Amino acid sequence: MQMSSSAGSGNPAQDNNMAYVLRRCSKLSLRNALMKTYSDSAVRLRILPSTSCMFDEAVQIKMSGLTSQQHVELQSSFRDDKGVVFKATATYRADEKGEVDLSRHPSLGGTYTGVEPMGLFWSMRPHVPHSKMVKRDASSPLHYHIEASSGGEVLAKETNERHFACPGVRRAPVSDGRIRGTLFTPPGEGPFPAVVDMYTLGGNLCEPRAALLASKGFVVLALALYGYQDMPKTVDKIDLEYFEEAVIFLQKLPEVKKTGIGIMSISKSGEIALAMASFLPNVKATVLLNGSIANVIFPLHYKDIIFPPLTAHLERITVTKSGILDIRDVLEDPMVKENRASVIPIERASCNFLFVVSEDDRNWNSTYYAEQACNILKEHGKTNYEVVSYPKAGHFLEVPYMPHHPSGIHPAVNQVVAFGGETKVHADAQVDTWGRVQAFFRKHLES
């Protein structure tokens, strides 16, 4: 008798395994027949001029091989060092040639609309609400994954590798006496102009900005304030001598020019930068991004001088419609007579200042602080300052294309607060600020 192909083997276990394999193969064949994978697609997604670039550089994103007027969804994403995923989305319609060019065609919807060549980068939002992008080691790049799909079918994928440090930049941890931080040195022998880069309340350093500045030809010390490595986790005062030691450390490096040091600051580190400029003779150029003219939170000590912090009135905190705290008007006016002891005496400074302010800063009234700083300098016959103001930008002015951080946990109140800013305007302000900062430091540190 001839046995049919459907006959069993006589072994029940073997028959069951074979039946499972046949069913599995049938399902895979059916799925492959119904769904074309992006590797088989004629659609092409390109990142120009290269898939690898510096973090502060713009790229072109283009698609081809679509059908005329076809709708396509683009999504960008990356995962930061804390594991938080940031994403942006946009919908486009292909032109009559079946092409999409982000520098010419408008987004019809998503996290941004209109013609925005870098919209997939600056409009990113965190999956975990109120998160700020974290990049601890700037010697490695961030990988932005970009995916195109239509009707639920993935058409193409590409990855943009965005670097903070250009080839040849050297990164070295610093543990010298009390000083803790990371030193970034440009390629070549130098000597180079040098900058101390300080971040904000919480004490940790910010490597991305420092690495990018080093890539532009500056020796940069990203300096920790506290809470970093073996430093105290919390402090009850700030000693200016620590920052003086950092300036001396930089000046002794053979690759550093002896023409004076620049200071880069934002938020809480702003008044520390002003104090450095006022008391340390080797500071030549100081940048304040949304800083304060008066000392806040902790007493600031320098030798026998103590600057008390401004008094904070927590009863002035308001709540936004979305339930987020607004702390903008919590601090007392530093220019009132009884508060003048907290004001940093910047009239002592001989360096040049660049005050950068965001008019929608909800952390505090940085516009007012910059105005008063300029008034003090003007009253003492000084013209060593520049002011740049950005309407509708928020508190955290970062490097170009860094995701906007409109709200987050504030260490002073340990709750979510508003930091302000409209995303598109804020993104434009970051690009403009970055160019101004570089030009300012080159003008005042290179000669």
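# A walk through the sheet and its helices

Start by selecting residues 207-215, helix α3. Here Glu207, Pro208, Arg209, Ala210, Ala211, Leu212, Leu213, Ala214 and Ser215 are buried. That makes 9 of 9 residues, so to speak a helix that is mostly covered. Keep in mind as you click around that this is a predicted model. Now step just past the end of α3 and pick Gly217, which takes a positive phi of about 105 degrees.

**Stop two: the sheet**

Next, show the strands. Which order do they come in? Reading across the open sheet, the 8 strands go β11-β12-β14-β13-β16-β17-β22-β23, and the pairing is mixed. At the edges you'll find β11 (170-176) and β23 (385-390), each of which pairs on one side only. Look along the sheet and compare neighbours: on average they are turned by 20 degrees against each other, ignoring direction. In general, the strands of a sheet pair through backbone hydrogen bonds, either parallel or antiparallel.

Zoom in on the β11 edge. Strand β12 (residues 179-185) pairs with β11 in the antiparallel sense, over 7 bridges. Select Val174 and you'll see Gly181 of β12 standing opposite.

Then travel to the other edge, picking up β22 (352-358). This strand is mostly covered, with 6 of its 7 residues buried. On one side, β22 pairs with β17 in the parallel sense over 5 bridges; to spot this pairing, select Val287 and its bridge partner in β22, Leu354. β22 also runs parallel to β23, and 6 bridges join the two. For that pairing, try Val357, which stands opposite Ser389 in β23.

**Stop three: helix α5**

Select residues 269-279 to bring up helix α5. How many of its residues are buried? The count is 11 of 11, among them Glu271, Leu274 and Phe279. Now show α5 together with the sheet: the helix lies across β13 (192-198), β16 (256-266), β17 (283-289) and β22, and runs at about 150 degrees to β16. While the sheet is on screen, add helix α6 (residues 366-379), which packs on the sheet too, touching β22 and β23. The direction of α6 makes about 155 degrees with that of β22.

**Stop four: two helices crossing**

Keep α5 visible and add helix α4 (residues 240-252). The two pack at an angle of about 70 degrees, and their axes are 10 Å apart. An angle from 65 to 115 degrees counts as roughly perpendicular, and α4 and α5 are therefore roughly perpendicular to each other. Their crossing is right-handed.

Which residues meet here? Turn on side chains for Leu240, Phe243 and Val247 in α4, then for Ile272, Ala275, Met276 and Phe279 in α5. Sorted by class, this contact has 7 nonpolar residues, with no polar and no charged ones.

**Last stop: a loop residue**

Leave Val247 selected and add Ala341: their C-alpha atoms are separated by 25 Å, and the two residues are 94 apart along the chain. You'll find Ala341 in the loop between β21 (325-326) and β22. Is Ala341 buried or partly exposed? Its relative accessibility is 48%, so Ala341 counts as partly exposed. To finish, select Phe307 and Pro308: Ala341 touches them, leaving aside residues up to four places away in sequence.

Technical notes
Residues numbered from 1 in each chain as written. Predicted model: local features only at pLDDT ≥ 70, side-chain atom pairs only at ≥ 80, totals over all residues. Heavy atoms only, no water. Axes fitted to C-alpha atoms, helices over the stretch in contact; angles between N-to-C directions. Helix = DSSP H or I, 4+ residues; strand = E, 2+ residues; numbered from the N terminus. Parallel < 35°, antiparallel > 145°, perpendicular 65-115°, else oblique. Left-handed = near helix turned anticlockwise from the far one by under 90°. Contact = heavy atoms within 4.5 Å. Nonpolar A, V, L, I, M, F, W, Y, C, P; charged D, E, K, R; others polar. Pairing = 2+ DSSP bridges. Buried < 20%, exposed > 50% of the residue type's maximum accessible area, 1.4 Å probe, protein only.
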